[in-house]
Amino acid sequence: MSPVPDPEVESGPRNTPALLEVDGLQVDFATEHGWVNIIDSVSFSLERGSTLGLVGESGSGKSVTSLAIMGLIPTPPGRIRSGSIRLEGQELVGRSERSLQDVRGRDIAMIFQEPATSLNPAFQVGDQVAEMVRRHLGLSRKQAWARAVEALGAVGIPDPKRRAHAYPHEFSGGMRQRVMIAMAISCEPKLLIADEPTTALDVTIQAQVLALLHGLREELDMALLLITHDLGVVAQVCDKALVMYAGQIVERADVDELYRHPYHPYSEGLLVSMPQVMPRSKRRLASIPGSPPMPWAFPSGCRFHPRCPYADERCQAGAVATVALSPTRASRCLRVAELDLSGGRPS
Ligand SMILES: Nc1ncnc2c1ncn2[C@@H]1O[C@H](COP(=O)(O)OP(=O)(O)OP(=O)(O)O)[C@@H](O)[C@H]1O
Ligand SMILES: [Mg+2]
């Protein structure tokens, strides 16, 4: 494959807009080190009904990206410096809070990384789901309650009519996560963003919640942006993946292709760190050495170069552009054409 400029970055808007188009997104935060760039030139699109995994280590900028899409970057200390986020061709950046409130919940819903903070302990869960429905769909109290009970049933809460009267603390962690999902899908959004939806859950419950998300996505024909640090979760649920490192997208690929043959050393590192993915004979690294840089100390050149086993002096020099390798693949590695990186097979 010979690298060509990445069309996702280079081309303008298409005739039929994708459901979500993020273009050249730059997010900064004011810190004790001054303004620090947290999200750098992030561009991607998401088609209706598709599933996209956003994967990367802690601190890579996954949550900040999703908060930007929701219009929830805390300002101050944060700001969207430039870039565009379009939903069905309509610009979201710069919209008033009031107009964004209409979008949130109705068109784009999110399951937050910290579920405990998203449910109000003082209200019955049925009321909390019903409130969402009333606000966005304008249903009566009675209709909204019926819809809430239906949503709680759809996410597998047993005896939803009775359990709708329970308070958040009366649910287990897994069931609370289901309540969050019920709230998110109650208005049948076009896009559901799930930020680490299973991290706090034990493995069996994790699998159930992922299966539930997968099933609901199909049933409601929603698009799903699934954020996780776990490539195994991406393999179970997503068709496409974005790999994020130090605030930048470093690889974009169909999930099968990514597993078979990564085109960025960081993606290879993530794959190799998953024991269930790599045959023993192919394992070269137990894990990626070192840790990700802090945003005020991003290295020059390729941000991954200090941890990359393939880096040479070229990688430390100027900025590295994203290149498209095929219509579905792009990599932000200077050496992509020279390297033969290892893939694996999801178990
Ligand atoms: N309110 C804030 N003020 C300053 N810096 C912030 C703020 N929120 C996030 N950051 C910084 O932005 C960077 C990206 O954070 P983000 O929460 O998006 O990471 P993440 O990829 O979601 O990580 P995790 O896997 O741990 O959830 C981090 O360096 C973080 O410290
Ligand atoms: Mg996060």
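The largest share of the shell around ligand 1 is supplied by helix H2, which gives three residues. The structure is a predicted model, in which local features need pLDDT of at least 70 and side-chain atom pairs count only at pLDDT 80 or more, whereas totals for chains, interfaces and linings use all residues. Residues are numbered from 1 along each chain as its sequence is written, while chains are lettered from A and ligands numbered from 1 in the order in which they are written.

Ligand 1 is surrounded by 17 residues, and the closest of these are Phe29, Ser58, Lys62, Ser63 and Val64; a residue is near a molecule if its C-beta atom, placed from the backbone, lies within 6 Å of it. At least two residues of this shell come from each of strand E2 (20-31) and helix H2 (62-70). By class, the shell holds six nonpolar, 10 polar and one charged residue, where Ala, Val, Leu, Ile, Met, Phe, Trp, Tyr, Cys and Pro count as nonpolar, Asp, Glu, Lys and Arg as charged, and the others, Gly among them, as polar.

The protein chain as a whole contains 13 helices and 13 strands, these being DSSP runs numbered from the N terminus, with at least four residues for a helix (H or I) and at least two for a strand (E). Its radius of gyration is 21 Å, close to the 20 Å that the globule rule gives for 347 residues, so the chain is as compact as a globular protein of that length; the radius is taken over C-alpha atoms, and the rule is 2.2 Å times the number of residues to the power 0.38.

Helix H5 (residues 125-137) and helix H8 (residues 173-185) have axes that come within 8 Å and cross at roughly 20°, which means that H5 is roughly parallel to H8, a label given to angles under 35 degrees. Axes are lines fitted to C-alpha atoms, for helices over the stretch in contact, and angles run from 0 to 180 degrees between N-to-C directions. In this contact Val125, Gln128, Val129 and Met132 of H5 meet Val179, Ala182 and Met183 of H8, where contact requires C-beta atoms, placed from the backbone, to lie within 7 Å. Six of the residues in the contact of H5 with H8 are nonpolar, one is polar and none is charged.

The axes of H5 and helix H6 (residues 141-154) also come within 8 Å, and they cross at roughly 120°. The contact of H5 with H6 comprises nine nonpolar, one polar and three charged residues.

Notes: Angles under 35 degrees count as roughly parallel, over 145 as roughly antiparallel, 65 to 115 as roughly perpendicular and the rest as oblique. Two residues are in contact if their C-beta atoms, placed from the backbone, lie within 7 Å.
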